[in-house]
Amino acid sequence: MFVLELTYTARVERVDALMAEHITWLDEQYAAGVFIASGRKNPRDGGVILAVGEDRAAIEEIAAADPFAAQGVCAYRITEFIATKTAPALAPYRQHLP
């Protein structure tokens, strides 16, 4: 599992100009089963995405395709973790230590 932390590197007006494209990209990743939660940070200086996947390189590639990243209005920090405990609704995503 991965936590993708976005930090805006441009003014919010530039971010907002790309928001519709960003939402389309998010929707595509939800439909593909990669993203399971996302939202703005508070204060609004970026966002957070919770993603599932076995391959960090694939997650990095997906993040690079975000219109925010492609247009240079945000930077990504990607943290991989092993989700050994979850809420019951997220049980399908539980992982086991190697």
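Two strands count as paired if DSSP finds at least two bridges between them. In this predicted model, four strands build an open sheet with antiparallel pairing, in the order S2-S3-S1-S4. Helices H2 and H3 each lie across the strands of that sheet: H2 spans S1, S2, S3 and S4, and H3 spans S1, S2, S3 and S4 as well. The points below cover the sheet, the helices, the largest pocket, and two buried residues, Val34 and Gln29.

**The sheet**

- The edges of the sheet are held by strand S2 (35-40) and strand S4 (74-80); each has a single partner strand, so one side of each lacks a neighbour in the sheet.
- From one strand to the next, the twist averages 15 degrees.
- S1 and S3 run antiparallel and are joined by six bridges.
- One of the residues involved is Leu4, whose bridge partner in S3 is Ile49.
- S2 pairs with strand S3 (residues 46-51) in the antiparallel sense, over five bridges.
- Between S2 and S3 there are five residues, and the two strands form a hairpin.
- Within S3, Ile49 stands opposite Ser38, while Val48 is the bridge partner of Gly39.
- Ile49 is thus named twice in the pairing, as the bridge partner of Leu4 and as the residue opposite Ser38.

**Helices across the sheet**

- Helix H2 covers residues 19-31 and runs at about 155 degrees to S2.
- Helix H3 covers residues 56-64 and runs at about 160 degrees to S4.

**The largest pocket**

- The largest pocket holds about 170 Å³ of space.
- Its lining consists of 13 residues, and those closest to the centre of the pocket are His22, Leu26, Gly39, Arg40 and Gly47.
- Gly39, one of these central residues, is also the bridge partner of Val48 in S3.
- At least two residues of the lining come from each of S1, H2, S2 and S3.
- The greatest contribution is that of S3, which supplies four residues.
- Sorted by class, the lining has seven nonpolar residues, five polar residues and one charged residue.

**Val34 and its surroundings**

- Val34 is placed in the loop between H2 and S2.
- Val34 counts as buried because its relative accessibility is 14%, and the cut-off for buried is under 20%.
- Apart from residues up to four places away in sequence, Val34 touches Gln29, Leu50, Ala51, Val52, Ile59 and Ile62.
- One of these contacts, Ala51, is 17 residues away from Val34 along the chain, yet the C-alpha atoms of the two are separated by 5.4 Å.

**Gln29 and its surroundings**

- Gln29 belongs to helix H2.
- With a relative accessible area of 12%, Gln29 is buried, as the value falls under 20%.
- When neighbours within four places in sequence are set aside, Gln29 is in contact with Val34, Phe35 and Ile62.
- Ile62 is therefore listed among the contacts of Val34 and also among those of Gln29, and Val34 and Gln29 touch each other.

Technical notes: Residues are numbered from 1 along each chain as its sequence is written. This is a predicted model: local features need pLDDT of at least 70, side-chain atom pairs count only at pLDDT 80 or more; totals for chains, interfaces and linings use all residues. Side-chain values use heavy atoms; hydrogens and water are left out. Axes are lines fitted to C-alpha atoms, for helices over the stretch in contact, and angles run from 0 to 180 degrees between N-to-C directions. Contact means heavy atoms within 4.5 Å. On a 1 Å grid over the protein atoms alone, a cavity is a set of points where a 1.4 Å probe fits but cannot get out, and a pocket is an open set with protein on both sides within 12 Å along at least five of seven lines; lining residues have an atom within 4 Å of a point. Grid points are joined across faces, edges and corners, and a volume is the space filled by probe spheres set on the points. Ala, Val, Leu, Ile, Met, Phe, Trp, Tyr, Cys and Pro count as nonpolar, Asp, Glu, Lys and Arg as charged, and the others, Gly among them, as polar. Buried means under 20% relative accessible area, exposed over 50%, partly exposed in between (1.4 Å probe, protein chains only).
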